[in-house]
There are 2 protein chains.
Amino acid sequence: MADSHAGHDHVWADDLTRNQELVLGTLAHATAPLSAYDILDRLRDEGLRAPLQVYRALDKLTERGLAHRLESLNAFVCCADAHCHGDGGSTAFAICDRCGKVEEFAEPAIDSKLRSWSKASGFVPARMTIEIRGLCKECSASRGP
Amino acid sequence: MADSHAGHDHVWADDLTRNQELVLGTLAHATAPLSAYDILDRLRDEGLRAPLQVYRALDKLTERGLAHRLESLNAFVCCADAHCHGDGGSTAFAICDRCGKVEEFAEPAIDSKLRSWSKASGFVPARMTIEIRGLCKECSASRGP
DNA sequence: GTCTAGACGTAATGTTATAACGTCTTGATC
DNA sequence: GATCAAGACGTTATAACATTACGTCTAGAC
């Protein structure tokens with residue numbers, strides 16, 4: 001059994017476990033953020049049965065920057081930007097409240113402002129959450145004048 | 001019965017309902033963010049019995065900017081800054097993971113950066129969430145070298 | 001071979017949030 | 001003053017999100 005992970009169409013890292021690969025693969029194919037339970041439902045056929053199996057995989061994936069948690073949604077997305085893997089930098093997300101689409105972007109100036117505020121205040125930052133909720137270009141176009 | 005809300009030590013607005021006043025008062029006296037269920041527990045003696053009573057009050061209070069929801073904590077704080085009431089501007093929070101203390105601050109430059117990204121992308125922002133998790137000055141001092 | 005660290009599986013439970021219903025008060029209108 | 005609509009309220013039930021606790025299995029270090 002040389003390759004126990006056969007059948008997958010993409011490899012993100014060489015040392016993911018089976019559950020981690022399944023969860024990341026599910027996120028990668030999704031067009032909108034998925035909750036842990038959404039992911040679980042999509043992986044029942046692969047043998048996953050308990051939330052904890054998903055949460056454990058998500059913990060590792062988010063630690064490594066391969067996936068992100070959207071706090072304002074209690075949901076997860078696949079990382080869209082190879083650059084952000086593992087760096088401590090802040091990533092920002094724009095989340096469409098209508099279609100669910102998420103755009104991931106980095107604004108170094110924002111990161112820098114938050115860090116300078118922290119330094120001035122004596123606060124030692126560990127992680128930053130930056131999320132904008134609203135309507136994406138397409139959804140706002142199909143609604144307003 | 002000219003004053004049905006007698007017995008409270010502070011008035012934030014003249015048109016809060018009893019439940020809204022109770023919830024806001026509880027948040028105002030807390031030294032750390034409270035979950036809706038924390039608030040409920042502290043208001044049992046006042047007659048509150050169901051989560052929805054608290055959630056409904058919190059909805060109104062956050063709409064008006066009198067309280068804030070911390071997304072990364074699923075908890076709530078009293079607004080610390082009279083200026084931010086009701087304006088659409090983004091407020092940022094630094095949350096100490098050790099002692100729970102929350103510092104609320106405004107960085108207009110961040111707000112401005114996020115808005116300019118939105119404009120450039122065609123995204124129409126409705127609300128922004130900016131939260132830093134880490135250690136406050138005191139807690140980092142009592143831990144580090 | 002033995003030990004340990006880490007991933008895993010499972011069951012049970014804890015925590016956060018909302019749906020669905022009917023009632024009550026208030027204020028506008030006729 | 002009767003009627004009506006809007007909004008806050010109270011209650012029950014349930015949905016959705018997340019973790020604790022426990023035992024097993026495997027791979028690598030020694």
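How far does a polar side-chain atom of N19(B) lie from a phosphate oxygen of DNA strand D? The distance is 2.8 Å, and the views below place this pair in its surroundings.

This is a predicted model, in which local features need pLDDT of at least 70 and side-chain atom pairs count only at pLDDT 80 or more, while totals for chains, interfaces and linings use all residues. Residues are numbered from 1 along each chain as its sequence is written, chains are lettered from A and ligands numbered from 1 in the order in which they are written, and side-chain values use heavy atoms, with hydrogens and water left out.

**View 1. Fold of chain A.** Chain A holds five helices and five strands, taken as DSSP runs (helices H or I, at least four residues; strands E, at least two) and numbered from the N terminus. Their order from the N terminus is α-α-α-β-β-β-β-α-β-α. Of its 145 residues, 43% count as buried (under 20% relative accessible area, 1.4 Å probe, protein chains only). Among contacts in chain A with a separation of 6 or more, 47% join residues 24 or more positions apart; contact means heavy atoms within 4.5 Å. Chain A exposes about 8000 Å², of which carbon and sulfur atoms supply 48% (Shrake-Rupley method, 1.4 Å probe).

**View 2. The axis relating chains A and B.** Chain A is superposed on chain B by a rotation of 180° with 0.0 Å of shift along its axis, at an RMSD of 0.0 Å. The two copies are therefore related as by a two-fold rotation axis. In chain A, the C-alpha nearest the axis belongs to I130(A), 2.3 Å away from it. Both copies use the same surface, as 100% of the contact residues of chain A recur in chain B. The superposition is by least squares on the C-alpha atoms of residues with pLDDT of at least 70 in both copies.

**View 3. Protein surface around DNA strand C.** Around DNA strand C there are 14 residues, of which T17(A), Q53(A), R56(A), Y37(B) and R69(B) come nearest; a residue is near a strand if one of its heavy atoms lies within 4 Å of it. Sugar and phosphate make up 49% of the atoms of DNA strand C that come within 4 Å of the protein. An N or O atom in the side chain of T17(A) is 2.7 Å from a phosphate oxygen of DNA strand C, and for N19(A) the corresponding distance is 2.8 Å. From chain B, a polar side-chain atom of Y55(B) lies 2.9 Å from a phosphate oxygen of this strand. The elements giving two or more residues to this surface are α3 (51–63) of chain A and α3 (51–63) of chain B. The largest share, four residues, comes from α3(A).

**View 4. Protein surface around DNA strand D.** Of the 14 residues around DNA strand D, the nearest are Y37(A), R69(A), T17(B), Q53(B) and R56(B). Here sugar and phosphate account for 46% of the strand atoms within 4 Å of the protein. Polar side-chain atoms of S35(A) and Y55(A) lie 3.4 Å and 3.0 Å, respectively, from a phosphate oxygen of DNA strand D. The largest share of this surface, four residues, comes from α3(B). By class, the surface has five nonpolar, five polar and four charged residues, where Ala, Val, Leu, Ile, Met, Phe, Trp, Tyr, Cys and Pro count as nonpolar, Asp, Glu, Lys and Arg as charged, and the others, Gly among them, as polar.

Key: A polar contact is a pair of N or O atoms within 3.5 Å; within protein, one must be able to donate a hydrogen and the other to accept it, and residues adjacent in sequence count only if both atoms are side-chain atoms. Buried means under 20% relative accessible area, exposed over 50%, partly exposed in between (1.4 Å probe, protein chains only).
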